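Hi everyone, and thanks for coming. Please have a look at the sequence and the structure on the screen, and then I'll walk you through them.

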Amino acid sequence: MRKGTPAMVEELYTDFYDQLLGWCTARVRSPAAAEDLVQETFLRAMDHLEDLEPLNRAQRRAWLYRTAKNLAVDRVRRQARETPAEEEQLALASFQEDLSQAAVAQLIARLPEGEKAMFTMRYFEGYNARELGEIFDLPAATVRSRLASAKRRLREWIEE
């Protein structure tokens, strides 16, 4: 059983929720995302009652803000790694509208073998960079770089 009391989290929530929400909103510029960050922060606090128990009020407040900051940084990193699905679908739809399936297949066939497989798996089969990295035993950043290179080549070939 966890040490600490849920009453302590309730007290922290009462004392710091509004301030933390304002701080998070200023950081992520989205009330909904800020609300999610604050909620996750307090969920983490509930999971770390034993760590928070010996801290004084100021230290608990600092813990909340540091946790919220770390969650916000993780969120930004995650967003930077992954292109929103809507943008990818729009780009793919536009690409497919401009060229026939045969032309697309011919262009993709010109890609180096590894890029061809990654490109096909990413944009036609729905794998993300992390999953492709596991399949090809590469860091997700390398996969994203190779996909960007493949897209760049395809654009150049389309313009020819």
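**A walk through the model**

Let's begin with confidence: the protein chain has a mean pLDDT of 82, with 82% of its residues at 70 or more. Do keep in mind that this is a predicted model. Where is confidence lowest, and where is it highest? The low point is helix α5, residues 85-98, with a mean of 54, while α2 has the highest mean, 91.

Now the overall layout. The protein chain holds 9 helices and 0 strands, so to speak a run of α-α-α-α-α-α-α-α-α when you read along the sequence. Of its 160 residues, 30% are buried. If you take contacts between residues at least 6 apart in sequence, 61% of them join residues at least 24 apart.

Let's move inside. In soluble globular proteins, nonpolar side chains tend to be buried together. Here, the largest nonpolar core has 23 residues, and the members touching the most other members are Leu12, Leu20, Cys24, Val38, Phe42 and Leu64. Which elements give two or more residues to this core? They are α1 (6-28), α2, α3 (49-52) and α4 (57-81). The most comes from α1, which gives 9 residues. There is also a second, separate core of 15 residues, and Val104, Met121, Ala129 and Ala150 are among them.

Let me pick out one residue of the largest core, leucine 12. Leaving aside residues up to four places away in sequence, leucine 12 touches Tyr17, Phe42, Leu52, Arg60 and Leu64. Two of the names there, Phe42 and Leu64, you have just heard in the list of core members with the most contacts to other members.

Next, please find threonine 41, which sits in helix α2, residues 31-47. Is threonine 41 buried or exposed? Its relative accessibility is 0%, so threonine 41 counts as buried, the cut-off being under 20%. And what does threonine 41 touch, beyond residues up to four places away in sequence? The answer is Leu20, Trp63, Leu64, Thr67, Ala68 and Leu71.

Now for the other end of the chain, and two helix pairs that share α9. Helix α8, residues 129-136, packs against α9 at an angle of about 105°, with the axes 8 Å apart. Because angles of 65 to 115 degrees count as roughly perpendicular, that is the word for α8 and α9. On the α8 side the contact is made by Ala129, Arg130, Leu132 and Gly133, and on the α9 side by Ala140, Val143, Arg144 and Leu147. Sorted by class, this contact has 5 nonpolar, 1 polar and 2 charged residues.

The other partner is helix α7, residues 113-123, whose axis comes within 9 Å of that of α9 and crosses at roughly 95°. So α7 and α9 are roughly perpendicular too. From α7, the contact involves Glu115, Met118, Phe119, Arg122 and Tyr123. From α9 come Val143, Arg146, Leu147, Ser149, Ala150, Lys151, Arg153 and Leu154. By class, that contact has 7 nonpolar, 1 polar and 5 charged residues.

One last stop is arginine 155, also in helix α9, residues 140-159. Arginine 155 has a relative accessible area of 49%, so it is partly exposed. Its C-alpha atom is 9.6 Å from that of leucine 107, although the two residues are 48 residues apart along the chain.

That's my tour, thank you for listening!

Terms used: Residues numbered from 1 in each chain as written. Predicted model: local features only at pLDDT ≥ 70, side-chain atom pairs only at ≥ 80, totals over all residues. Heavy atoms only, no water. Helix = DSSP H or I, 4+ residues; strand = E, 2+ residues; numbered from the N terminus. Buried < 20%, exposed > 50% of the residue type's maximum accessible area, 1.4 Å probe, protein only. Contact = heavy atoms within 4.5 Å. Core = buried A, V, L, I, M, F, W, Y, C linked by side-chain atoms within 4.5 Å. pLDDT = per-residue confidence, 0-100. Axes fitted to C-alpha atoms, helices over the stretch in contact; angles between N-to-C directions. Parallel < 35°, antiparallel > 145°, perpendicular 65-115°, else oblique. Nonpolar A, V, L, I, M, F, W, Y, C, P; charged D, E, K, R; others polar.
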